Amino acid sequence: MNNKKEKIEILINMVGRFFIGAIFCYSGFSKLIQPIEFFEVSIHFYELVPDRFVHGIALIIPWIELIFGAYLLLGYWRKGSAGVLAGLTGIFQIVLAQALIRGLSIDECGCFGGGLVHLTLFQSFFLDTVLVLTLIRIATSDGELFSLDRLLKRG
Amino acid sequence: MRYLGVGFLLAGLLISLVYFVRNSREMNQPISIEAHKVRGNPKGPVFLTVFSDFECPFCAEVRHILDDLLKVFPDTLKIVFKHFPLSIHEFAVPAAEASECASDQGQFWAYHDLLFERIEDLYKTKNVNNVFFGLAKELKLNETQFQQCLESGVKKALVTSDKNEGKKFFVSGTPTILLNGKKVMTQNKFDYLKQEIEKSLNNE
């Protein structure tokens with residue numbers, strides 16, 4: 001019984017890993033292939049970060065999303081990658097929540113750059129909640145399927 | 001060591017992929033300029049395109065900054081207005097349509113200014129069209145023509161077209177300002193915009 005439950009849990013974590021890894025890869029990639037200014041504008045809309053930090057943040061976040069998203073997708077440094085992405089998503093949630101509370105004029109969250117996916121602040125907040133919970137689960141669970149970690153014999 | 005190597009290899013592959021795709025794409029699509037929504041010198045070599053929403057308080061503020069810039073660069077700058085009504089703003093689309101109806105009578109900018117000043121009136125009425133008609137009356141527009149235009153919804157396509165153009169340029173909020181239809185202005189501050197315009201003029 002326990003064995004079956006464990007297998008289901010591993011399977012759920014694996015699906016979650018693929019799904020979330022793909023989301024972050026897409027999110028980072030779509031921001032990185034467009035001029036950085038677009039993401040800078042999106043950050044400015046949230047009116048939270050001093051101007052002098054905006055460029056640096058716009059430069060770093062998409063790379064974190066892409067690289068750790070790919071790591072998670074492939075199951076490389078699974079726990080660490082899930083932890084990093086959970087932290088990042090937690091920060092996104094704070095940023096989104098303050099924008100929702102302040103009623104800022106933002107039509108679309110800017111989470112996926114100018115890509116095909118366009119989410120409102122509320123939709124994005126909801127998605128991030130699901131992501132954070134799943135990432136925490138991935139980061140704290142053992143056992144895995146189809147992962148580089150397993151292939152490289154490292155937990 | 002092998003484990004770390006795999007990580008670096010993966011990161012390297014991703015960085016190469018991004019740079020390859022980035023170099024094969026270029027944002028060089030031209031932005032459309034409609035004469036009735038141009039302020040400043042129509043032949044000015046530098047232009048700012050502002051994607052704006054009448055219900056957006058930041059757009060109302062930016063309007064004054066743009067006016068100040070026109071005073072600094074009277075011969076070299078033109079401002080191009082584009083509608084980008086946000087879906088979170090209930091009256092943004094009808095307000096944009098009303099401004100287009102006013103532009104049929106050559107009063108786009110006068111109506112634009114008045115609308116930004118009186119936007120609060122929209123929240124105090126049960127029929128927003130009455131506010132739009134009132135502003136048209138104040139500007140001495142032909143009321144029948146204005147009313148027919150607004151009620152027919154004939155300007156909806158134009159407003160949508162502006163918004164779609166914004167989306168092509170990855171606009172996601174308002175106000176978004178582009179310099180010469182290409183470079184995205186990351187700040188809506190007078191000094192920053194002035195500096196960017198000067199840089200553009202020096203490169204002419």
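So, D113 of chain B: that residue sits in helix α4(B), residues 108–117. And this is a predicted model, so keep that in mind throughout. Is D113(B) buried, exposed, or something in between? Partly exposed, because the count of other C-beta atoms within 10 Å comes to 16, and buried would take 20 or more, while exposed would be 12 or fewer. If you look back 14 residues along the chain you get to S99(B), and the C-alpha atoms of the two are 9.7 Å apart.

Okay, staying in chain B, let's go to helix α7(B), residues 156–168. How far apart should its ends be? With 13 residues at 1.5 Å each, the expected span is 18 Å, and the end C-alpha atoms are indeed 18 Å apart, so the two agree.

Now, which residues of α7(B) are buried? V159(B), D162(B), K163(B) and G166(B). These cover an arc of only 95° around the axis, so they sit on the same side of α7(B). If you want the spacing logic: an α-helix has 3.6 residues a turn, so residues three or four places apart point the same way.

What do those buried residues pack against? Within chain B, the partners are strands β2, residues 46–52, and β3, residues 77–83, along with helix α3, residues 92–103. Flip to the face turned away from the buried side and you find the exposed residues A157(B), N164(B) and K168(B). Then, just past the end of α7(B), F170(B) takes a positive phi, about 65°.

Over to chain A, and helix α4(A), residues 78–102. This one has 25 residues and reaches 36 Å from first C-alpha to last, close to the 36 Å you'd expect at 1.5 Å a residue. Its buried residues include R78(A), S81(A), V84(A), L85(A), T89(A) and L96(A). There's a positive phi after this helix too: G103(A) follows α4(A), with phi near 65°.

Last thing, the interface. How many residues are in contact across it? 27 from chain B, with 30 from chain A. On the chain B side, α1(B), residues 2–24, and β5(B), residues 183–185, each supply at least two of the residues touching chain A. The largest share comes from α1(B), with 10 residues. As for what that side of chain B is made of, we have 14 nonpolar residues, 8 polar and 5 charged.

That's what I had; happy to take questions.

Methods
Residues are numbered from 1 along each chain as its sequence is written. Chains are lettered from A and ligands numbered from 1 in the order in which they are written. This is a predicted model: local features need pLDDT of at least 70, side-chain atom pairs count only at pLDDT 80 or more; totals for chains, interfaces and linings use all residues. Two residues are in contact if their C-beta atoms, placed from the backbone, lie within 7 Å. Helices (H or I, at least four residues) and strands (E, at least two) are DSSP runs, numbered from the N terminus. Ala, Val, Leu, Ile, Met, Phe, Trp, Tyr, Cys and Pro count as nonpolar, Asp, Glu, Lys and Arg as charged, and the others, Gly among them, as polar. The expected span of a helix is 1.5 Å times one less than its number of residues. The arc is that of the directions from the helix axis to the C-beta atoms.
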